[in-house]
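Visitor: I have a structure on the screen and do not know how to read it. Could we go through it feature by feature?

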Amino acid sequence: MKYISTRGAAPVLSFEEAMLTGLARDGGLYLPETIPQMSHGDIAALAGQSYEEVAFRVMRPFIGDAFTDDEFHEIIARAYAGFAHDARAPLVQLGPNHHLLELFHGPTLAFKDFAMQLIGQLFEAALKRSGKRVCIVGATSGDTGSAAIGAFRGLEAVDVFILYPHGRVSEVQRRQMSTPTEANVHALAIDGYFDDAQARVKDMFNHFEFRDAVGLAGVNSINWARVLAQVVYYFYAATALGAPHRKVSFTVPTGNFGDIFAGYIAKRMGLPIDRLVVATNQNDILHRCLTQAEYTPNGVKPSISPSMDIGVSSNFERALFEAYGRDGRAIAQLMDELKEGGFTVSQGAMQALREAFDSGRVSEEETSATITRTFAQTGELLCPHSAIGVQVAEAHLTPGVPMITLATAHPAKFPATVEAASGQHPPLPSHMADLYERPERITRIANDLGAIETLITERTTS
Ligand SMILES: *Cc1c(COP(=O)(O)O)cnc(C)c1O
């Protein structure tokens, strides 16, 4: 299996190379050269299997000869062993035709654990074999950093440095980054905003001497291996509700478009998905694009669903690549126009996007009202991101087609918003009930590239 770039001008890579590289050298994102197909019979045979077995069968065709079957089985088993629910991704019924897929039973209580836990094990297996070490550096506004630290803690071939804006992540998120005791994970509180943290990470990747000296690697949401890990739960949930013998639809709270793009891949592999619905908060560039054909960033307005606060949506480039008939040159040109302020999607590409995706936008007031209403009607406490999904899904219900809304984070990760809307304080699950008592380990650091690089160099070479 070979991987090609959405901008058509980077080397073709194997799965392992694409995973370790992340971003392509032409600035594009990697995608498989062809999308593997699963037959009606293959899909029917997934019903009733464990999450791990579904994961193996769905992902196996994408990894080529990177790992043997035994190695890959073992990698998957280790990735999901730390989840607090035996089903890994349980379904809860919200209404006659509406189901919630709870993706928050992983170690850091958000769906990002599904991809990050797997990528941690994939990195470790690939690096041990080659005798190499890498240094993972990332910026976070909360969930990605905690998921990365949760996934890479204690691994032998990897050091992890996560930059987060000092004083600007929730207490649960900060504690998930600062309380792991393993020596290879480092939470760095930078004096500044998330954009400062992200800019310093980009600076480090562009500083080639430093990059090579410490073996810098990235695991942000454009990494293909992360998208692939998320394809699995679409098959798992759909077959639990009767696919492939009937169609199902999904609604996905969306920011960088990684999670919903995984659903699109599942559909292209043969899973009978009727509608894929993009749910956004007030940062609605995706909803505006899908309804008006204009992709124009207009800044980020902080919301009560902070993990969806994005100005541009990095994985949307993959959807555009498909909608433009895999024309890398056209995508490179659109991305140049984006730097100048935005672009208009062509008529043909819009038709392809509309065939694949519906969308909806939810205000702050509606988000809170959905938490209130859903708790009153079903007893389910939603995090604000999941509430956005539920609100949009309710507007897209179709008789006879089960709707599955992805619940992307545990309500206890956003206790203030959930309590204000529902009157209920969402308790932490038992496996992390003592989070507030554990000692913290944080390095405060100036928003200064030299200081950050010196610290990383000292800690990785000693
Ligand atoms: C990351 C995140 C999202 C958005 O997912 P994308 O793949 O970026 O679209 C939604 N909800 C929560 C809780 C998240 O952490």
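Guide: Of the 462 residues of the protein chain, 59% count as buried. Keep in mind that this is a predicted model.

Visitor: What does "buried" mean here?

Guide: A residue is called buried when its relative accessible area is under 20%. Cys289, at 0% relative accessibility, is therefore buried. Cys383 has 1%, so Cys383 is buried too.

Visitor: How many disulfides are there?

Guide: A disulfide is a covalent bond between the sulfur atoms of two cysteines. In this model the count is 0.

Visitor: How many helices and strands does the protein chain have?

Guide: The protein chain has 19 helices and 16 strands. Its radius of gyration is 21 Å, close to the 23 Å from the globule rule for 462 residues, so the chain is as compact as a globular protein of that length. Along the principal axes, the C-alpha atoms fill a box of roughly 60 × 50 × 50 Å.

Visitor: Which residues come nearest to the ligand?

Guide: There are 15 residues around the ligand, and those that come nearest are Lys112, Asp143, Gly255, Asn256 and Thr408. Sorted by class, the shell holds 5 nonpolar, 7 polar and 3 charged residues.

Visitor: Where are the polar contacts of the ligand?

Guide: One joins a ligand oxygen to a side-chain N or O atom of Lys112, at 2.5 Å. For Asn256, a polar backbone atom is 2.7 Å from a ligand oxygen. For Gly258, a backbone N or O atom lies 3.3 Å from an oxygen of the ligand. The ligand taken alone exposes 380 Å², and the protein buries 96% of that.

How values were computed
Residues numbered from 1 in each chain as written. Predicted model: local features only at pLDDT ≥ 70, side-chain atom pairs only at ≥ 80, totals over all residues. Heavy atoms only, no water. Near = heavy atom within 4 Å. Polar contact = N/O pair within 3.5 Å; in protein donor to acceptor, adjacent residues only side chain to side chain. Areas by Shrake-Rupley, 256 points an atom, 1.4 Å probe, with all protein chains shown as cover. Nonpolar A, V, L, I, M, F, W, Y, C, P; charged D, E, K, R; others polar. Disulfide = S-S within 2.5 Å. Buried < 20%, exposed > 50% of the residue type's maximum accessible area, 1.4 Å probe, protein only. Helix = DSSP H or I, 4+ residues; strand = E, 2+ residues; numbered from the N terminus. Rg over C-alpha atoms; globule rule 2.2 N^0.38 Å.
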